[in-house]
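Q: Could you take a close look at one part of this predicted model for me? I'd like a walk through the aromatic side chains and their surroundings.

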Amino acid sequence: MSDFSDKVWWTRKSKIKAERRLLNLDTYSQILLLWHSVFLVFYSIYTLVNPVKSSAESAIMVALSVSILILTLFINNMNYKGRAMLLKQSYEQLSLIYTKAISSHGHDLAQLDKDYQSILAASENHLELDFIKAVVDENNNSTDDSKLSKHPTCIHKLLVVFYAVRNFIYFVFIFCVPFLILYFLRMDA
């Protein structure tokens, strides 16, 4: 594999990981927004039967409702799905460049590089973590990792695990926030 085709291959793999990351962000943010909205609706119904004892609790619930609205607008503006679609188009085009690069044997490499650069310009770049995840995953899934040009270090593997655990903890914490708020509000009452 030439240096150019290798670069295209790793860029493609990194963009695949970036697309997956954005789709996960979209899914998790939609789930959390839905959960928080449903929780506020159920809590509002609950307060009709069991009225709140302080005006502070009512004010906090109104503030939380407004924050859900603001977060909904913010998450929609982040456009995770649209950005993921652009990355998908990018890595599909990179696949064509890769095929041409390995079959061209150095012919017209300048044109392939121009095509490569224009594809990169058409979408956002992947994060360094996407590249690290691609290297770790390819190494873990390869039957013969000696064919790979990049090999993960122990730090790379630890980073992938760290970010997976961190994201899980964030998700669980944000999922539990309504219960925590309710507990602290009702604890004072």
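**Rings and their surroundings**

A: Let's get the cysteines out of the way: there are zero disulfides in this predicted structure. A disulfide is a covalent bond joining the sulfur atoms of two cysteines. Cysteine 154 counts as exposed because its relative accessibility is 62%, above the 50% cut-off. Cysteine 176, at 29% relative accessibility, is partly exposed.

Now the rings. When two aromatic rings pair up, the description uses the distance of the centres and the angle of the planes. Counting pairs with centres within 6.5 Å, you get twelve aromatic pairs. Take tryptophan 35 with phenylalanine 175: the ring centres are 4.7 Å apart and the planes sit at 15°, so this pair is stacked. Tryptophan 35 belongs to helix α1 (residues 3–49) and phenylalanine 175 to helix α6, so the pair ties together parts that are 140 residues apart in sequence. As for cover, phenylalanine 175 is partly exposed, with 31% relative accessibility.

Tryptophan 35 also pairs with phenylalanine 179, this time in a tilted arrangement: 5.7 Å centre to centre, with 40° between the planes. Here again helix α1 supplies tryptophan 35 and helix α6 supplies phenylalanine 179, so the pair links parts that are 144 residues apart in sequence. Phenylalanine 179 has a relative accessible area of 43%, which means partly exposed. Put these rings in context and you find one aromatic cluster made of Tyr28, Trp35, Phe39, Phe171, Phe175 and Phe179.

Helix α6 has something else to show. Isoleucine 174 is in this helix, which covers residues 154–188, and is partly exposed at 36% relative accessible area. Together with Tyr170, Phe173, Leu180, Tyr183, Phe184 and Met187, Ile174 makes a nonpolar surface patch of about 730 Å². A residue needs over 30% relative accessible area to be in a patch, so the 36% of isoleucine 174 clears that bar.

For a contrasting aromatic residue, try tyrosine 116 in helix α4 (residues 109–121). Its relative accessible area is 4%, and anything under 20% counts as buried, so tyrosine 116 is buried. Leaving out residues up to four places away in sequence, tyrosine 116 touches Phe4, Lys7, Val8, Thr11, Leu94 and Ile97. Leucine 22 is 94 residues from tyrosine 116 along the chain, and their C-alpha atoms are separated by 22 Å.

Methods
Residues are numbered from 1 along each chain as its sequence is written. This is a predicted model: local features need pLDDT of at least 70, side-chain atom pairs count only at pLDDT 80 or more; totals for chains, interfaces and linings use all residues. Side-chain values use heavy atoms; hydrogens and water are left out. Patches are made of residues with over 30% relative accessible area and no salt bridge: like charges are joined within 9 Å, nonpolar side chains (Val, Leu, Ile, Met, Phe, Trp, Tyr) within 5 Å. Accessible areas come from the Shrake-Rupley method with a 1.4 Å probe; for residues, only the protein chains shown count as cover. A salt bridge is a side-chain nitrogen of Lys or Arg within 4 Å of a carboxyl oxygen of Asp or Glu. Helices (H or I, at least four residues) and strands (E, at least two) are DSSP runs, numbered from the N terminus. Buried means under 20% relative accessible area, exposed over 50%, partly exposed in between (1.4 Å probe, protein chains only). Rings of Phe, Tyr and Trp (its six-membered ring) pair if their centres lie within 6.5 Å; planes under 30 degrees apart count as stacked, over 60 as edge-to-face and the rest as tilted. Contact means heavy atoms within 4.5 Å. A disulfide is a pair of cysteine sulfur atoms within 2.5 Å.
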